[in-house]
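The following exercises concern the fold and the surface of a single protein model. Each task is followed by a solution in steps.

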Amino acid sequence: MNAQIEKPISSLKVDDNSKLNTSTYKLTPGLTKPKNDFSLYSSLEDSIRFNRTQKPFDMTGDNGLLKPNFKVVPKWFQKDNEIKEEYKSDQYLGDFKSNSEFVYLIYRDHQSVDGDLVRIFLNDDVIRSSVYLDATFQGFQIDLIKGFNKIDIQALNQGTSGPNTAEFQLHDDQGNVITANEWNLTTGVKATLIVVKE
């Protein structure tokens, strides 16, 4: 069998029994075969000095270049706040007087957006059965009746990193802020405020 490439460097002849019969090679003019005592170092002192400073081989992957100084915790393992006892009971957020014909209730999730849902009542009637709390404010108009207008906001869940964390603002029909607050509630708990229309 003969093998040849663009510039022949060596030729190899093999018989049918795949035993090596002859092996010849040609060197580029000016090159000689390396000696058996070839060394990277010009002297014994160089060899000792090099090996003294060389780091031992390490298979642990620690090359000394990257040292993380923090631990990455997936978002679904993070908690907005610890679940305190006050989050487990209804909260009264106050009563306010207004001459407005209506109010704007706007709300958002003031912590991680993790799927918090709330239900909104007016005088014990459901006016929004399921509201998703996003990072930006959203809301709607609530028409007021003369006298007491009780607004309840109930936590339907605690998202993926409880408790249910919401921020709300209540504006009158002129755009003035009547009240603003944040809450942390567990599932089923309500935050209540009253607007008295004079």
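**Exercise 1.** Determine what share of the contacts in the protein chain with a separation of 6 or more comes from residues 24 or more positions apart.

*Solution.* A contact means heavy atoms within 4.5 Å. Among contacts in the protein chain with a separation of 6 or more, residues 24 or more positions apart account for 72%.

The model is predicted: local features need pLDDT of at least 70, side-chain atom pairs count only at pLDDT 80 or more, and totals for chains, interfaces and linings use all residues. Residues are numbered from 1 along each chain as its sequence is written, and side-chain values use heavy atoms, with hydrogens and water left out.

**Exercise 2.** State the secondary structure content of the protein chain and its pattern along the sequence.

*Solution.* Helices (H or I, at least four residues) and strands (E, at least two) are DSSP runs, numbered from the N terminus. The chain holds 1 helix and 11 strands. Their succession reads β-β-α-β-β-β-β-β-β-β-β-β.

**Exercise 3.** Describe the open sheet of 5 strands, and explain why one side of strand 3 and of strand 6 lacks a neighbour.

*Solution.* Two strands pair if DSSP finds at least two bridges between them. The strand order is 3-11-8-5-6, with mixed pairing. Strand 3 (91–98) and strand 6 (125–132) are at the edges and have a single partner strand each, so one side of each has no neighbour in the sheet. Within the sheet, strand 8 (residues 147–155) pairs with strand 11 (residues 190–197) in the antiparallel sense over 8 bridges. Lys150 stands opposite Ile194 of strand 11.
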